[in-house]
Amino acid sequence: MMEVTTAAIDAEGLKQSLVNAGAGGFCSFEGWVRNLNDGRTVDRLEYEAYEPLVVSEGLRVLDEAREKFPFLEARCVHRTGMLEIGDLAVWVGVGSANREVAWGACRVSCEELLVGLRGGWWERCVVGGAG
């Protein structure tokens, strides 16, 4: 599942949504807004997205990850709007029968979603700061 939201991301709730009796492994990634990007000071970030494209491309990324790493469940959530330093901007979680599959699927999904961010599914705007 791929979601776009303006609300704060509930990492614990998302983790619990992936509980599966067949899962022996779980891996997640949390991406937080930091105060430095490409050598520039950042006050906050603003994310914009065309949600239908983000959801369809995010689902494609998860499908491709599942072909390489046959996980049981996965979820990706990305925030839009104005985010402050320390805010959770993206969460990816994978439940699988074992840890190697969970790690691999989470890593591949994160990397491909980042490619999409750079490729234009998203617009990330650094607000304020010096540099």
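Begin by selecting C76 in this predicted model and displaying what surrounds it: leaving aside neighbours within four places in sequence, C76 is in contact with M1, M2, E3, L62, W91, V92 and L113.

Next, widen the selection to the largest nonpolar core, which has 21 residues and in which C76 is among those with the most contacts, together with F71, V92, V94, C106 and L113. Colouring by element is useful here, since the elements giving two or more residues to this core are β1 (2–5), α2 (51–68), β6 (73–79), β8 (88–96) and α3 (99–119). Of these, α3 gives the most, with 7 residues. A second core, separate from the one just shown, can then be selected through L14, L18, V77 and W91, which are included among its 7 residues.

Now hide the side chains and turn to the strands, where 4 of them form an open sheet of mixed pairing, in the order β1-β6-β8-β2. At the edges lie β1 and β2 (25–32), each of which pairs on one side only. On average, and with direction ignored, neighbouring strands of this sheet are turned by 10 degrees against each other.

Within the sheet, select β1 and β6 together: their pairing runs in the parallel sense over 4 bridges. To follow a single bridge, pick T5, whose bridge partner in β6 is R79.

Finally, add α2 to the view, a helix that packs on the sheet and touches both β1 and β6, with its direction making about 150 degrees with that of β1.

Technical notes:
Residues numbered from 1 in each chain as written. Predicted model: local features only at pLDDT ≥ 70, side-chain atom pairs only at ≥ 80, totals over all residues. Heavy atoms only, no water. Core = buried A, V, L, I, M, F, W, Y, C linked by side-chain atoms within 4.5 Å. Buried < 20%, exposed > 50% of the residue type's maximum accessible area, 1.4 Å probe, protein only. Contact = heavy atoms within 4.5 Å. Pairing = 2+ DSSP bridges. Axes fitted to C-alpha atoms, helices over the stretch in contact; angles between N-to-C directions.
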